[in-house]
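Me: I have a model open and would love a close look at a single part of it. Could you walk me through one sheet and whatever packs around it, and then set that part in its wider context?

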Amino acid sequence: MGIDEKYMFRCLQLAKKGEGYTRPNPMVGAVIVHNGKIIGEGYHRKYGEPHAEVNAVRSVKDPSLLPQSTLYVSLEPCSHYGKTPPCSAMIISHKIPRVVIAVTDPNPKVAGNGIRMLRENGVDVTVGILEKEARELNRSFFVNQLYCRPYIILKWAQSKDGYLDRHRTSHESAPPAMLSNTLTSILVHRTRTQVQGIMVGTRTALLDNPQLTARKWYGSNPVRIIIDRENKIPADFRIFRPDAPTLVFTEKAPPLSPDNKFVKYIELDFSKDILIPLLKAIYKENIYSVLVEGGGHLLSSFIEKQLWDEAFIEITDTALQDGIKSPEIQGQDIDIQKYSGSVQIHLKSKITRNFL
Ligand code: AOF
Ligand code: ZN
């Protein structure tokens, strides 16, 4: 590992400290080096708060060293006024002579403008140090900015003989087959806190009467997203409880009582394929990541259209012999873990699909 890589690695470590707090902004870390010694560090701590570079500069005890220092940052310094002023201008005003960047910012408001601004003002800029790693860290942010769609994570549990569930006609006739164990269901709840939306199809909502909250982990509940073309889901079902907001996609929105603050209906044209209009509408609601938890039909339609970015598949040691077949999926392995009898496969899509 070269010197630049060593300091950039530190930037990525710092960036990760913001995990869970910066969304929909990226996680970014910055380090300031003078004569081979780190004199300042910072990261983007929270959405709306100062950027990594600002925190790094503020942490330097002797600012007179800045005109002889190098600033390392894991994302191109911004050039626009968002919730905070442009970092590139701040770097120029402190007369920092060299900036090392991992990756350019995909945000169209920045996209190379930060680098150009620095260079035009005489700053020596190096780009592309640990670029792959920096992209990977913010893969959800890159998908959002480049494709204007939510980052899509698929999740299901299947029996070892390849079934999602038994054949059932209603929740009353039989509860869903319990495939996940205590530990893996806690992990699912943790994943729920890491996304902004959680989605299921009509059949799953009707048959399982799920809550779709992250009650087994610490963090906020995602927005529940339900597809209910004919408004079949009864008003007393758990997804309508006020413990999280619920977004229902329907053909014709029913009248809502004026004091209802938690449920929102959005109409879609179901005579055509709804997947892309659905994702566009979700993105318009400022939901930048979605966990799709079933059922088989909905999961398969995301897989068929290659509209997914990651998948968590739990293969349990239960056998069901018959039932609803689990979806077929192919991707790149990220990793495989074993949790008390279950095998968890974490896949990444080989294709990142755009649908603009
Ligand atoms: C940086 N350093 O640490 C981060 C950057 O609304 P704002 O002002 O917070 O701007 C958000 C945008 O700024 C975000 O979409 C991305 O393009 C960039 N994030 N830039 O120079 C940082 N977090
Ligand atoms: Zn910035």
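**A close look at the nine-stranded sheet**

Reply: Happy to. In this predicted model, nine strands form an open sheet with mixed pairing, in the order E11-E10-E9-E8-E12-E6-E13-E16-E15. Its edges are strand E11 (263–267) and strand E15 (332–339), each of which pairs on one side only. From one strand to the next, the twist averages 20 degrees.

Strand E13 is a good place to begin. E13 covers residues 310–315, and six of its six residues are buried. Glu310, Phe312 and Glu314 point one way from the strand, while Ala311, Ile313 and Ile315 point the other way. That split fits a general pattern: in a regular strand the side chains alternate between the two faces of the sheet. Here both sets are buried, the two glutamates Glu310 and Glu314 included.

Now to the neighbours of E13. With strand E6 (residues 151–158), E13 pairs in the parallel sense over six bridges. If you would like a pair of residues to click on, Ile153 has Glu310 in E13 as its bridge partner. With strand E16 (residues 342–348), E13 pairs in the antiparallel sense, again over six bridges. There, Ile315 has Val343 in E16 as its bridge partner. So much for the mixed pairing of this sheet: E13 has a parallel partner in E6 and an antiparallel one in E16.

Elsewhere in the sheet, strand E8 (residues 197–200) and strand E9 (residues 223–227) are joined in the parallel sense by four bridges. Val200 has Ile226 in E9 as its bridge partner. A helix packs here too: H10 (residues 296–304) lies across E6 and strand E12 (289–292), running at about 135 degrees to E6.

Next, the packing. The largest nonpolar core has 43 residues, and those that touch the most other members are Ile152, Ile153, Leu154, Ile225, Val290, Val292 and Phe302. E6 gives this core its largest share, six residues. Nonpolar side chains tend to be buried together in soluble globular proteins. Val290 is worth selecting by itself: leaving out residues up to four places away in sequence, Val290 touches Pro150, Ile152, Val195, Gly197, Met199, Ile225 and Ile282. Apart from this core lies another, of 37 residues, among them Cys11, Leu66, Ile115 and Ile129.

For context, there is a second sheet to look at. This open sheet has five strands in the order E2-E1-E3-E4-E5, with mixed pairing. Strand E2 (37–43) and strand E5 (124–127) are its edges, each pairing on one side only. The twist here averages 15 degrees from one strand to the next. Strand E4 (residues 98–101) pairs with E5 in the parallel sense over four bridges, and Val99 stands opposite Val125 in E5.

Two helices can be followed over the five-stranded sheet. Helix H1 (residues 3–16) lies across strand E1 (29–34), E2, strand E3 (70–73), E4 and E5, and runs at about 140 degrees to E1. Helix H4 (residues 113–120) also packs on the sheet, where it touches E4 and E5, and its direction makes about 150 degrees with that of E5. The buried residues of H4 are Asn113, Gly114, Ile115, Met117 and Leu118, and they pack against helix H3 (87–93), E4 and E5. One of them, Ile115, is also a member of the 37-residue core. After H4 comes Gly122, whose phi is positive, near 85 degrees.

The ligand deserves a glance as well. Ligand 1 is surrounded by 17 residues, of which the closest are Val28, His51, Gly82, Lys83 and Asn107. By class, this shell holds eight nonpolar, six polar and three charged residues.

Finally, zoom out to the protein chain. It comes to ten helices and 16 strands, and its C-alpha trace spans about 75 × 50 × 35 Å along the principal axes. Of its 356 residues, 40% are buried. Among contacts between residues at least 6 apart in sequence, 68% join residues at least 24 apart. With that picture in place, E13 is a handy point to return to: six of its six residues are buried, and its two pairings lead to E6 and E16.

Definitions and conventions. Residues numbered from 1 in each chain as written. Chains lettered and ligands numbered in written order. Predicted model: local features only at pLDDT ≥ 70, side-chain atom pairs only at ≥ 80, totals over all residues. Near = placed C-beta within 6 Å. Nonpolar A, V, L, I, M, F, W, Y, C, P; charged D, E, K, R; others polar. Buried ≥ 20, exposed ≤ 12 C-beta atoms within 10 Å, placed from the backbone. Pairing = 2+ DSSP bridges. Axes fitted to C-alpha atoms, helices over the stretch in contact; angles between N-to-C directions. Contact = placed C-beta atoms within 7 Å. Core = buried A, V, L, I, M, F, W, Y, C linked by C-beta atoms within 7 Å.
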